[in-house]
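Welcome! Have a look at the model below, and then we can go through its sulfur chemistry and its pocket together.

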Amino acid sequence: GLTVQFAYSQAALIDDFDKAVKLLKSEKYKKATDAFSAVLQKATDDKLKKFCYIYRAFSYNGLNDYKNAISDLDKAIELDPDDLASFTDRGKTKASASDLNGAKKDFIFILTKDTTGEQAEAAFYYLGKIAYQEGEFEQSIKYYDKLLALAPQDSEVYFNRAAAKGMSMDVAGSIKDYDKAIELDPNYMEAYANRGVAKINLVTSKGNIRPTKEQTSDPCADLKKAKQLGDKTVDDMIFIYCDKK
């Protein structure tokens with residue numbers, strides 16, 4: 001529930017605020033921005049204003065209008081600089097707007113205030129993704145290490161770290177992380193596909209371009225499982241390395 005307690009003097013606006021939130025939830029983003037703007041014209045309560053800015057920013061994000069979304073999150077942060085969630089929202093929005101440096105600043109700032117809570121987890125997650133995007137695979141792995149210390153049951157983080165390890169030539173380490181992702185989520189299609197490819201890479205890495213059936217039976221089981229779960233991208237690998245059946 002997004003209902004927030006505001007000063008009694010603003011009670012009349014609460015209905016309007018709730019209606020605006022409903023528009024946002026039902027993805028009527030343009031109508032939602034207009035509705036939050038109408039509330040902001042009358043709002044005097046700082047808490048009400050802050051939440052209007054945050055939710056109007058989400059509405060702008062829905063319209064891919066990142067410039068206005070960031071501007072609204074700036075205002076929300078001005079009103080309540082201690083609410084780290086707004087820095088997370090702003091960092092994500094900057095990343096969506098391809099301002100990776102700006103995004104990094106917000107997430108690194110969060111880690112100066114919180115290293116173990118929910119916002120720290122978000123910061124490590126996005127910093128890991130940004131480092132990967134920028135080709136900083138070792139750095140990406142370090143962020144995911146820290147995140148997994150806080151969230152050891154998150155299959156997606158193992159998957160992301162596996163991909164980063166694969167890019168930094170640690171194929172065996174990458175396979176271990178795919179193992180863990182699949183253990184936590186037995187229907188993780190992309191993890192089966194990537195693990196199958198990683199296993200093929202391990203078998204063929206020493207110049208062995210024609211691996212035996214024995215060598216490919218384990219990777220092929222992964223590739224076929226990925227296909228069974230709906231992955232169409234593995235067809236070529238199956239054609240090249242696995243029995244044509």
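Is the link of Cys-220 and Cys-242 left-handed or right-handed? In this predicted model, the angle about the S-S bond is -95 degrees, and the link is left-handed. The two ends come from distant parts of the chain, 22 residues apart. Cys-220 sits in helix H12 (residues 213-228), while Cys-242 belongs to the segment after helix H13 (235-241). The sulfur atoms of Cys-220 and Cys-242 are 2.0 Å from each other, and the count of disulfides comes to one. Both Cys-220 and Cys-242 are buried.

Another cysteine is worth a glance. Cys-52 counts as buried because its relative accessibility is 0%, and the cut-off for buried is under 20%.

Now for the empty space. Rolling a probe the size of a water molecule over the atoms shows where such space is left. The largest pocket here has a volume of about 230 Å³, and 13 residues line it. Ala-163, Gly-166, Met-167, Tyr-178 and Asn-201 are the lining residues that lie nearest its centre. By class, the lining has nine nonpolar and four polar residues, with no charged ones.

Three helices each supply at least two residues of that lining:

| Helix | Residue range | Share of the lining of the largest pocket |
|---|---|---|
| H9 | residues 155-167 | at least two residues |
| H10 | residues 171-184 | at least two residues |
| H11 | residues 189-204 | at least two residues |

Methods:
Residues numbered from 1 in each chain as written. Predicted model: local features only at pLDDT ≥ 70, side-chain atom pairs only at ≥ 80, totals over all residues. Heavy atoms only, no water. 1 Å grid on protein atoms, 1.4 Å probe; cavity = no way out; pocket = protein on both sides within 12 Å on 5 of 7 lines; lining within 4 Å. Points joined across faces, edges and corners; volume = space filled by probe spheres on them. Helix = DSSP H or I, 4+ residues; strand = E, 2+ residues; numbered from the N terminus. Nonpolar A, V, L, I, M, F, W, Y, C, P; charged D, E, K, R; others polar. Disulfide = S-S within 2.5 Å. Buried < 20%, exposed > 50% of the residue type's maximum accessible area, 1.4 Å probe, protein only.
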